[in-house]
Structure formats: structure tokens, C-alpha cells
Amino acid sequence: MSTMIELPHEVGTGKDREVQILLADSWRKLVVIRLRNGALLADHSARVPITIQAVVGKGTLRVGDTVFALSPGVIVPVDAHAEHNVQAEPEVAILVTFFRQAGETEAETTAKFD
């Protein structure tokens, strides 16, 4: 499948936390998460390896004991099952890419954000 996906150019207005699935197929899942007003995406983990890329705004990503400053262009690979969180400073939009293996179900690759 070939398709073009546009990433956000601004965080915009809305709820303090919004999740938008851009693509979900048998090999990958692309999700944009917008955090506003200093919102925290609390500690969680994914069952598969992911990357977290800041596309708009600023924030911090904590993976284990390591803290990364997020700003446009920064991408951080995160291992499967690694506990992490994201804090908006004051707003950030991130692109999360989930890497699947053939045959995995949606439930197996979805992180729990609550």
C-alpha cells in the first residue's frame, strides 16, 4: 500500500490529550498524539518496539531513567516493554510508530495510555 500522510504543522486547539491513528496495517501503526496545557501521557509501555518523533512543539520523553528533550526533528527509538512517559512543555505533537510482526493483532501492538 502506498499512501501519503500529512503530519500536523501545529498542535491546534482541543482536549488536553488527543490520539489520532494515521495508518494501521499488518506491519506498522502510525499514531499522532497531541498533548496540550502541560499534559502528561503517564507511564506506560508498548508490546512492540516503537519510535517517538516530535513533529510540533516541545516536551520531554522519559524512558526508564533517561530523559530526552523533544522538539521537531527529534526521534527516539524505544524498546518493547520499556516504560516511558511524555510531558508537554506546554504543548507537543508526537508521531509514534509501532513496528509489528506479521500476524500480530491490533491489541498486541496498542499501548495503554490510561
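A residue counts as buried when its relative accessible area is under 20%, as exposed when the value is over 50%, and as partly exposed in between. The exercises below use this cut-off on a predicted model.

**Exercise 1. Describe the order of elements in the protein chain and how much of the chain is buried.**

Step 1. The protein chain contains seven strands and one helix.

Step 2. Read from the N terminus, the elements follow the order β-β-β-β-β-β-β-α.

Step 3. The chain has 114 residues, and buried ones make up 40% of them.

Step 4. The accessible surface is about 6,500 Å², and carbon and sulfur atoms account for 52% of that surface.

Step 5. Contacts between residues at least 6 apart in sequence can also be sorted by separation: 67% of them join residues at least 24 apart.

**Exercise 2. Decide whether Asn-85 is buried or exposed, and list what surrounds it.**

Step 1. Asn-85 is part of strand 7.

Step 2. Its relative accessibility is 13%. The cut-off for buried is under 20%, so Asn-85 counts as buried.

Step 3. Leaving aside residues up to four places away in sequence, Asn-85 touches Leu-40, Leu-41, Ala-42, Asp-43, Thr-60, Leu-61 and Arg-62.

Step 4. With one of these residues, Asp-43, there is a polar contact from side chain to side chain at 2.7 Å.

**Exercise 3. Follow Asp-43 into its salt bridge and find the network it belongs to.**

Step 1. Asp-43 and Arg-62 form a salt bridge through their side chains, with N and O 2.4 Å apart.

Step 2. This pair links distant parts of the chain, as Asp-43 sits in strand 3 and Arg-62 in strand 4, 19 residues apart.

Step 3. Asp-43 has a relative accessible area of 42%, so it is partly exposed.

Step 4. Through salt bridges with shared partners, Asp-43, Arg-62 and Glu-83 make up one network.

**Exercise 4. State how many salt bridges the structure holds, and compare the surroundings of two further pairs.**

Step 1. There are four salt bridges in the structure.

Step 2. One of them joins the side chains of Glu-18 and Arg-36, at 3.2 Å from N to O. Glu-18 belongs to strand 1 (residues 17-24), while Arg-36 is in the loop between strand 2 (28-35) and strand 3 (40-44), so this pair ties together parts that are 18 residues apart in sequence.

Step 3. Glu-18 is partly exposed at 27% relative accessible area, whereas Arg-36 is buried at 4%.

Step 4. Another salt bridge is formed by Asp-25 and Arg-28, whose closest N and O atoms are 2.6 Å apart.

Step 5. In this pair the acid is the buried partner: Asp-25 has a relative accessible area of 17%, and Arg-28, at 32%, is partly exposed.

**Exercise 5. Identify the residues with the most contacts in the largest nonpolar core, and the strands that supply this core.**

Step 1. In soluble globular proteins, nonpolar side chains tend to be buried together.

Step 2. The largest nonpolar core here has 22 residues, and Leu-35, Val-86 and Ile-94 touch the most other members.

Step 3. At least two residues of this core come from each of strand 2, strand 4, strand 6 and strand 7 (84-99). Strand 7 gives the most, with six residues.

Step 4. Val-86 touches several residues beyond four places away in sequence, among them Leu-35, Leu-61, Leu-70 and Ile-94.

Step 5. A second core, separate and made of eight residues, includes Val-11, Val-32, Val-55 and Ala-93.

**Exercise 6. Place Pro-8 in the chain and find what it touches.**

Step 1. Pro-8 lies in the segment before strand 1.

Step 2. Its relative accessible area is 13%, so Pro-8 is buried.

Step 3. Val-32, Arg-34, Val-55, Val-56 and Ala-93 are its contacts, not counting residues up to four places away in sequence.

Step 4. For Arg-34, the separation from Pro-8 is 26 residues in sequence and 9.4 Å in space, C-alpha to C-alpha.

**Exercise 7. Work out which side chains of strand 6 are buried, and which strand pairs with strand 6.**

Step 1. Side chains alternate along strand 6 (residues 75-78). Val-76 and Val-78 point to one face and are buried, while Ile-75 and Pro-77 point to the other and are not.

Step 2. Strand 4 (residues 50-63) runs antiparallel to strand 6, and four bridges join the two.

Step 3. Val-78 is the bridge partner of Ile-50 in strand 6.

Methods
Residues numbered from 1 in each chain as written. Predicted model: local features only at pLDDT ≥ 70, side-chain atom pairs only at ≥ 80, totals over all residues. Heavy atoms only, no water. Buried < 20%, exposed > 50% of the residue type's maximum accessible area, 1.4 Å probe, protein only. Pairing = 2+ DSSP bridges. Core = buried A, V, L, I, M, F, W, Y, C linked by side-chain atoms within 4.5 Å. Contact = heavy atoms within 4.5 Å. Polar contact = N/O pair within 3.5 Å; in protein donor to acceptor, adjacent residues only side chain to side chain. Areas by Shrake-Rupley, 256 points an atom, 1.4 Å probe, with all protein chains shown as cover.
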